[in-house]
Amino acid sequence: MGGRACLFAVFLLTASLAFDSNTPSRVILFVWDGAAQWVTSRILAEGKLPNLQRMIREGAWSDGMITSFPTKTAVAHAVFTTGVYGHTNGITGNSVLLAPASDHTRLEWESGFFSNPLRAEPIWVKTARAGLMTYTFHVPQSYPFQNSLDRLRPAEAVNLRMLYGYSGLRVTAEVITHQRAATVAARGWVVPEAEGSEARELSFRVGERVFWGLFFDDPFDLASGCDTLGIAKDKSDGEFVARIKPGDGESFSVPIATILQGEELWFSLRLFELDETGSRFLMYRTSGEAVYASSQAFPGIGEPGIEAFAANAGDVLYETGWLGKTLMEGGDGLAEKRLLETEAHLNEQIGAQVERVLSQGDYRLLIMYSPVTDELSHALVGYIDPGVTDFDASMAEKVWPTLVAAHQLQDDLLGKVMDHASRDGGHVMVVSDHGMAGTDRVLNVNLALAQAGLLAIHPDRSIDLPRTKALYLPLGDASVAVNTLDRKGGIVPLEEKQAVLARVREALERIRDPESSQRVVTAFFEPSTQGLLQPGGSGTGDLFLDLARGYYFSDRTDRDEVVSRTTPAGEHIFMPTRRDMHAICAAWGPRVRPGTQWSRVRAIDVAPTVLDVLGLPIPSELPGRSLLPEAPLVQ
Ligand SMILES: [Zn+2]
């Protein structure tokens, strides 16, 4: 009896710990790139995302989040992490026009994923300054790190640890087959595995290194003939750096190091097919991206298990048929299964990096990112969204399970993160940066402007800027710019800008689909610093467009038709208030009342919410508000 009462007391103590005001508050912000609200809700309704489901049951969920206009990854992330819109934070597209305007034309731009054009303070700087240990994993605008570190004193900068693997220094993924790298009888190896008469070898280059592969018969493997691939840096090496087997139950190799431009980067191999003669095979090699850390104190830095990062998975190889015949081309699902393996491998790498930090236990804010949902949504939503011209319900049904599986990979990773958070009293927020719409027609905006006499094209079909009055910018920002004199290469006097804009509208309003004769450009927006859309800024254009369902933008000038058909795809750039562009937003943790249902929320509310949970002041210049009710008074 006494023992029982004691146990009960211990239980009470533990249960109240998470809500104790002395327990440091913590937040994990997990961004599922491209997870559309309409897609995610459907998968939730099928009961296939158990961890997100648990978050929603025990926490909060939204009817849809309005992120940014354009609904692009770089832009929405900058809104999440600075709490202000693009005209203030500087990130107005996946690319932005170079500054200063006097030195650069409207055809010169830089990446909006990098921190160089970022002009507002990211939330990780605020938390580090407040003395809270902060980690970021592959978050847009965190790299180059100097933009953030320069905002902190050295004593504050020790609280900020950033990891980044999208610098662009990479070896791109490829599929290696016997057609691309023929095998020959093995010769000159010193490993004992080469002694069997059936052993065959190949060589392949990755980055600046050549690798040797030996197909051999593993005596401990019941499969007859060649059943194993050993990888060596040199045939005279006494052992393999990696060893893999083909088939279903197998997995990716350990990380293998190569060199590119003086940097070490890591790749892995997956042997999808191998015949017993060792002469026919299909092998996937992951991308390998240089991973940088803002501090040598980043947990695990220097270790292959932490530095190995593919950055992106096999979506491009899938779409070009390298993983096998796709479902859309009559395949049996094998290519999709392979694609999902590459995506799972990427999320395992992210999981390893994040878990290493979580197990250290010192984080107060942790921001993590995974592109898996975006990659699969681009590849598949064009077949799932009934808004495309030739929507085929039976194909949609065939493709759907692969899209579900991509979300499940995110959900698995979420489950691991929630496990840690439930032990350390942490809050978890899951957000996405935009939705996804099926498209199968493209609007070549600049061709329409050329036909209206507003844009000139060189004989080589590039834009002739000195004779161009308006152009759709090559920035992925849904904007047309007037080529005014206030930027280098401009020809339009500022007082004529409105007249040119009127001509642009007139030209674009006129465009009709040649098949359906419906209007293609459905809405125009001028730069604004108010309302839900707020497009505009010095690095973007002067008129923003939205398109009818099924259409996407192109800035190409080497095409003949203003409107043309394309392969179905998932795309995002459109007005964030469009139902298909709505993002997801969920929150879970001690401060979140179970079963909370938010109606529409905004990306600008994410930073104030995180600051609120962490007990930090919300700066008055932030336009958003915390999504949570006021913190309970300390008992
Ligand atoms: Zn995307």
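**Exercise 1.** Work out whether V190 is buried or exposed.

*Solution.* Start with the place: V190 sits in the loop between β9 (184–185) and β10 (200–206). Now count: V190 has 12 C-beta neighbours inside 10 Å, so it counts as exposed (buried means 20 or more other C-beta atoms within 10 Å, exposed 12 or fewer, partly exposed in between, with C-beta atoms placed from the backbone). Keep in mind that this is a predicted model, where local features need pLDDT of at least 70, side-chain atom pairs count only at pLDDT 80 or more, and totals for chains, interfaces and linings use all residues. Residue numbers start from 1 along each chain as its sequence is written.

**Exercise 2.** Do the same for G90: is it buried or exposed?

*Solution.* Look in the loop between α5 (86–89) and β3 (95–97) to find G90. Then count again: 22 other C-beta atoms lie within 10 Å, so G90 is buried. Finally, list its contacts (C-beta atoms, placed from the backbone, within 7 Å): leaving aside neighbours within four places in sequence, G90 touches V96, P117, L118, R119, G537 and G539.

**Exercise 3.** Find out how helix α11 and helix α12 pack.

*Solution.* First, take the angle: α11 (residues 334–360) and α12 (residues 372–384) pack at about 160°, with axes 10 Å apart. That makes α11 roughly antiparallel to α12 (under 35 degrees is roughly parallel, over 145 roughly antiparallel, 65 to 115 roughly perpendicular, the rest oblique). Last, pick out the residues that make the contact: E343, L346 and N347 of α11 meet V372, E375 and L376 of α12.

Key:
Axes are lines fitted to C-alpha atoms, for helices over the stretch in contact, and angles run from 0 to 180 degrees between N-to-C directions. Helices (H or I, at least four residues) and strands (E, at least two) are DSSP runs, numbered from the N terminus. Two residues are in contact if their C-beta atoms, placed from the backbone, lie within 7 Å.
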